Amino acid sequence: MLRIAVMVSGGGTNLQAIIDGVKDGTITNTEIVGVISNNRNAYALKRAEENGIPSLCVSPKDYETREIFNEKLLEAVDGLQPDLIVLAGFLVVIPPAMIQKYRNRMINIHPSLIPSFCGKGYYGLKVHEAALERGVKVVGATVHFVDEGTDTGPIILQKAVEVEQGDTPEILQRRVMEQAEWKILPRAIDLIANGRVRVEGNKTVID
């Protein structure tokens, strides 16, 4: 049984997709052992509570230095003893020590087809604003392992979504969630839970 910890900063729609996936059997061989947020007002914490999942908030605002926060965050994660960490809209820089400790055991969902519209400064609506400004016809989402770079780790799954006439960043964001994010994140977890993903260099192989 794959033990997963989900880290999230906001509403937790991807968390909900994972919870639903575990319940309906789309995600097999997996249990959610905890939800961690840096934002005590995150609706994701309410979703966890409603589904009987342990949750906690570790906020940088509660500590004098970033170093102390980083230590406390890693302690909180370690305390859950996860096999896999899932970043589902977690808007905090992951401490290097955590990346090293959970090498190829931490995944992230990003709302674009990496390497387009990714890296520093590209998160949330900013990704969709940039895509519309550039006039691309196809966008999408990517699930990848986390490494020391921003959105540079080995890619696990990607799914394309067409841009439609009259799209606003908000409308496009919603479509990318519904058609891509909520599908490939549960799928990636299921593949990992069943031992079907391996990393070779900076690529993944799915068996």
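## Close-up views of the predicted model

**Figure 1. R3 and E31 pair across the chain.** R3 is partly exposed, because its relative accessible area is 27%. That class lies between buried, under 20% relative accessible area, and exposed, over 50% (1.4 Å probe, protein chains only). The model is predicted: local features need pLDDT of at least 70, side-chain atom pairs count only at pLDDT 80 or more, and totals for chains, interfaces and linings use all residues. Residues are numbered from 1 along each chain as its sequence is written, and side-chain values use heavy atoms, leaving out hydrogens and water. E31 is partly exposed too, at 34% relative accessibility. The two side chains form a salt bridge, at 3.9 Å from N to O. A salt bridge here is a side-chain nitrogen of Lys or Arg within 4 Å of a carboxyl oxygen of Asp or Glu. The count by this rule is 10 salt bridges. R3 lies in strand β1 (residues 2-7) and E31 in strand β2 (residues 30-37), so 28 residues separate these distant parts of the chain. Strands (E, at least two residues) and helices (H or I, at least four) are DSSP runs, numbered from the N terminus.

**Figure 2. Helix α6 bends at M177.** The bend is about 45 degrees. It is the angle between axes fitted to the seven residues ending there and the seven starting there. Helix α6 covers residues 169-193, which is 25 residues. At 1.5 Å a residue it should span 36 Å, and its end C-alpha atoms are 33 Å apart, which agrees. The expected span is 1.5 Å times one less than the number of residues. After α6 comes G195, with a positive phi near 65 degrees.

**Figure 3. Charged side chains meet at R174 and R175.** R174 and E178 form a salt bridge at 2.9 Å, N to O. Both are in α6, and because they are four residues apart, about one helical turn separates them. R174 is partly exposed at 42%, and so is E178 at 36%. R175 pairs with D167, the closest N and O atoms being 2.6 Å apart. R175 is buried at 10%, and D167 is buried at 14%. E164 joins D167 and R175 in a network of salt bridges.

**Figure 4. I107 sits in the largest nonpolar core.** A nonpolar core is a set of buried Ala, Val, Leu, Ile, Met, Phe, Trp, Tyr and Cys residues joined through side-chain atoms within 4.5 Å. This one has 41 residues, and I107 and I189 touch the most other members. Its largest share, 10 residues, comes from α6. A second, separate core of 21 residues includes V33, I36, A76 and L80. Beyond four places in sequence, the contacts of I107 (heavy atoms within 4.5 Å) include L84, V86, F145, I156, L185 and I189.

**Figure 5. Loops hold a cis peptide bond and two positive phi values.** I114 and P115 are joined by the cis bond, with omega about 15 degrees. P115 lies in the loop between β5 (106-110) and α5 (125-134). Most residues other than glycine have a negative phi, and most peptide bonds are trans. N29 has a positive phi near 60 degrees. N29 belongs to the loop between α1 (13-24) and β2, and is partly exposed at 35%. N104 also has a positive phi, near 60 degrees. Its loop runs between α4 (96-101) and β5, and N104 is partly exposed at 33%.
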